[in-house]
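Please look at the sequence and the structure below before reading on. The paragraphs that follow lead through the structure one part at a time.

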Amino acid sequence: MIAPFRQLLGQRPRPAVPPGERVYAIGDIHGRADLFEALIAAIDRDDAASGPAQTTVILLGDLIDRGADSAGVLAAARAWQQRRTVRILAGNHEEMFLQCFTDAELMRHFLRFGGRETVLSYRVDPDAFTAADVAEAQALMREAVPEEELDFIRGFEDSIAIGDYLFVHAGIRPGVAIAEQETRDLRWIRGAFTDSRVDHGLLVVHGHTIFEEPDIRPNRIGIDTGAYYSGKLTALRLEGEARALLETSENDGRIDVQMRSIP
């Protein structure tokens, strides 16, 4: 009765996922396999303790770059997909990674923004990679990264809608219908989206833009908490109208887990 009562008062119903469903959305991992593996375990425990549901895990993109173990993150994501429903969005860093195998200029850009760490996580010799020119570096990458890994990344999605929520990597272009959004905006947009107060029709859950704490707004929720340097990886838990944050954080050499409800 709550939603119809709100509608009579002219209030928009609180966003919700469909009855019987549970969603966990995870922000940008950026090579922090240690935080990701701890969060996998925490989500598995919470889901098992929360009763039966159709559970979907969504990784919001930028699994790779910057942190030390991008290959480990991708391996963990693939293994998790074998056990439960895990859907993965393509971030701008996955886009760069796929394109830099053949684009020399983009390769230079990729390496400046954490790509070196990604390549080295595939056991490429660091001295050989440092000494290589761009063409040689691309050859080392092609030799080290399995084609099945690239196929896995190519299969990442651009957006996912569940109930009253839309999950994207970076955001959407305000004023443009969701069905007409451009891939570049979904993966790269920043200020034009994060500064907007427009009602997008669905509540947008996104990563890409780093916040010290999850940024919870009436029209969007940003959960990229800068795992690669902050040591904190954040997941948003959704069930019915309820929302909570599940976080793993690095503290004095250990990884702690915390869950807290949010409005």
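Which residue in β11 is the bridge partner of N251? The bridge partner of N251 in β11 is R254, where strands, as runs of E of at least two residues, and helices, as runs of H or I of at least four, are taken from DSSP and numbered from the N terminus. Strand β10, residues 242-251, pairs with strand β11, residues 254-262, in the antiparallel sense over nine bridges, pairing being counted if DSSP finds at least two bridges between two strands. The two strands form a hairpin with two residues between them, and D252, which is found in the loop between β10 and β11, has a phi near 50°, a positive value in a residue other than glycine. D252 is also exposed, with a relative accessible area of 77%; here exposed means over 50% relative accessible area, buried means under 20%, and partly exposed lies in between, as found with a 1.4 Å probe on protein chains only.

This is a predicted model, in which local features need a pLDDT of at least 70 and side-chain atom pairs count only at pLDDT 80 or more, whereas totals for chains, interfaces and linings use all residues. Residues are numbered from 1 along each chain as its sequence is written, and side-chain values use heavy atoms, with hydrogens and water left out. The protein averages a pLDDT of 95, and 96% of the residues score at least 70, pLDDT being the predictor's confidence in each residue, from 0 to 100. Confidence is lowest in helix α1, residues 2-8, at a mean of 42, and highest in strand β1, residues 21-26, at 99. Over residues 1-10 the pLDDT is below 50, and this stretch has seven contacts in the model beyond near neighbours in sequence, a contact meaning heavy atoms within 4.5 Å. Where pLDDT is low, the predicted coordinates should not be read in detail.

A second part to follow is an open sheet of five strands, with the order β4-β5-β6-β8-β7 and mixed pairing. Strands β4 and β7 (215-216) stand at the edges, each with a single partner strand, so one side of each is left without a neighbour in the sheet. Strand β4, residues 159-162, pairs with strand β5, residues 165-168, in the antiparallel sense over four bridges, and I160 stands opposite F167 in β5. These two strands form a hairpin with two residues between them, and G163 in the turn has a positive phi of about 60°. In a regular strand the side chains alternate between the two faces of the sheet. Along β4, I160 and I162 point to one face and are buried, while S159 and A161 point to the other and are not. Elsewhere in the sheet, β6 and β8 pair in the parallel sense over four bridges, and V204 has R220 in β8 as its bridge partner.

Just before β4 comes D158, found in the loop between α8 and β4. D158 counts as partly exposed, at 27% relative accessibility. The side chain of D158 makes a polar contact of 2.9 Å with the side chain of R187; such a contact is a pair of N or O atoms within 3.5 Å, where within protein one must be able to donate a hydrogen and the other to accept it, and residues adjacent in sequence count only if both atoms are side-chain atoms. Leaving aside neighbours within four places in sequence, the residues in contact with D158 include L89, A90, F167 and R187.

Another aspartate, D224, is found in strand β8, residues 220-224. What is the nearest side chain of opposite charge to D224? That side chain is R190, 6.4 Å away, and D224 is buried yet has no salt bridge, a salt bridge being a side-chain nitrogen of Lys or Arg within 4 Å of a carboxyl oxygen of Asp or Glu. For charge, Lys and Arg count as positive and Asp and Glu as negative, while His and the chain ends are not counted. A polar atom of the D224 side chain lies 2.9 Å from the backbone nitrogen of G226.

Helix α4, residues 92-99, is mostly covered, with six of its eight residues buried. The buried residues of α4 are N92, H93, E94, E95, M96 and F97, and what covers them includes α5 (104-120), α7 (134-144) and β6 (203-210).
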